[in-house]
Amino acid sequence: VYTQQLSLAHDAGSVGRLTLAADANEVDVRDDFYIGYTGSANVVQTGGFIDVANVITIGNSSGSSGEYRLEGGSVEATTITDGSGTASFVWTGGTVEANTIGFDLLNQGGILSPRIGFGTLTVQGDYTQQNSGELFIELNAASGHDLLSVQGDITLDGTLDVDKVGYEPAENVEYNIMDWTG
C-alpha cells in the first residue's frame, strides 16, 4: 500500500483496524499516519514493514483512542508520538527506527535503532529495555555515531549491538552512545 497520508478511524465514533502479518507486506506513507484520528483504531503488526516519512500519532485527538501492537516486522518513522486521546504502544518484537519517540518506551523484545545512518534517537520520557530487547548503535570514525538520548530514566537489560561500519577503533577511544536526564 502506498499513500500520501493514512488515517485510521478518521471520524468520531468510527473504528479502524490494520493488521500486517506477512514479511512481503509494506505500508508506505509519504506524510503522516494517524492511529485513531477522532475514532478508535488499532494496528497489529507481526511482520512486514511500515514506512512513514513524518509522524505516527497514536490517539490523535481528545476522545479518540489508538493502539499499536508491534510483535514483528519493522516500523520506520521520523517521529512516533501520542496525541491528546488515549494511546498505547505495546512492543514485544520487531524493529523500531525513529528520530523521536514522544512517550515512555518499554522494549519487551524488539530492536531499537536511530533512523537511517548515523543520528540521534530521542525518547521524550523513560526508556526501559527488558532482557529480550536490543539497542542497535552504529559507529564510524569518519562519519560519526548514533546516540540514544532519553529525557527521563533509562533502565537497560538485554543486548547492546554495536556495528563498527567497516573500521576498527583504536584502543581507548570513547564514544558517547547514550545520555539521559533521569
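Me: How many salt bridges does the structure hold?
Reply: Keep in mind that we're looking at a predicted model here. Counting a side-chain nitrogen of Lys or Arg within 4 Å of a carboxyl oxygen of Asp or Glu, the structure's total comes to 7.

Me: Which residue forms a salt bridge with Asp-28, and is Asp-28 buried or exposed?
Reply: The partner is Arg-30, with the closest N and O atoms 2.8 Å apart. Arg-30 has 29% relative accessibility, so it counts as partly exposed. Asp-28 sits at 16%, and therefore goes down as buried.

Me: What about Arg-115 and Asp-51, how many residues apart are they?
Reply: Their side chains meet in a salt bridge at 3.8 Å, N to O. This pair links distant parts of the chain, with Arg-115 in the loop between strand 11 and strand 12 and Asp-51 in strand 6. Both Arg-115 and Asp-51 are buried. Along the chain, their separation is 64 residues.

Me: Which residues are linked with Asp-28 and Arg-30 in a network of salt bridges?
Reply: Asp-28 and Arg-30 pair up with each other, and Arg-115 does the same with Asp-51. These two pairs belong to one network of salt bridges. Besides Asp-28 and Arg-30, that network takes in Asp-51, Glu-76 and Arg-115.

Me: Arg-69 forms a salt bridge too, so which residue is its partner?
Reply: Arg-69 has 27% relative accessibility, so it counts as partly exposed. The partner is partly exposed as well, because its relative accessible area is 22%. The closest N and O atoms are 3.6 Å apart, and the partner's name is Glu-67.

Me: Which strand gives the most to the largest nonpolar core?
Reply: That core has 40 residues, and Phe-33, Ile-50, Ile-56, Tyr-68 and Leu-148 touch the most other members. As a rule, nonpolar side chains tend to be buried together in soluble globular proteins. The top contributor here gives 6 residues and covers residues 40–58, and that's strand 6.

Me: Which residues is Tyr-68 in contact with, leaving aside neighbours within four places in sequence?
Reply: Tyr-68 is one of the core members that touch the most others. Its contacts include Gln-45 and Ser-88. The rest of the list is Ile-35, Val-43, Ile-50, Ile-56, Ile-58, Val-75, Phe-89 and Val-90.

Me: Why is one side of strand 10 and of strand 17 left without a neighbour in the sheet?
Reply: The sheet is open, with 3 strands in the order 10-13-17 and parallel pairing. Strand 10 (105–107) and strand 17 (154–156) stand at the edges, so what leaves one side of each free is having a single partner strand.

Me: What is the bridge partner of Leu-105 in strand 13?
Reply: Strand 10 and strand 13 run parallel, joined by 3 bridges. Strand 13 spans residues 127–129. Within it, Leu-105 finds its bridge partner in Tyr-127.

Me: Is Ser-113 buried or exposed?
Reply: Ser-113 lies in strand 11. Not counting residues up to four places away in sequence, Ser-113 touches Val-96, Glu-97, Ala-98, Leu-121 and Phe-136. Its relative accessibility is 8%, so Ser-113 counts as buried.

Me: How far apart in space are Thr-100 and Ile-80, C-alpha to C-alpha?
Reply: Thr-100 is found in strand 9, and at 17% relative accessibility it counts as buried. Beyond four places in sequence, Thr-100 touches Thr-78, Thr-79, Ile-80, Thr-122 and Gln-124. Thr-100 and Ile-80 are 20 residues apart in sequence, while their C-alpha distance is 6.4 Å.

Methods:
Residues numbered from 1 in each chain as written. Predicted model: local features only at pLDDT ≥ 70, side-chain atom pairs only at ≥ 80, totals over all residues. Heavy atoms only, no water. Pairing = 2+ DSSP bridges. Helix = DSSP H or I, 4+ residues; strand = E, 2+ residues; numbered from the N terminus. Buried < 20%, exposed > 50% of the residue type's maximum accessible area, 1.4 Å probe, protein only. Contact = heavy atoms within 4.5 Å. Core = buried A, V, L, I, M, F, W, Y, C linked by side-chain atoms within 4.5 Å.
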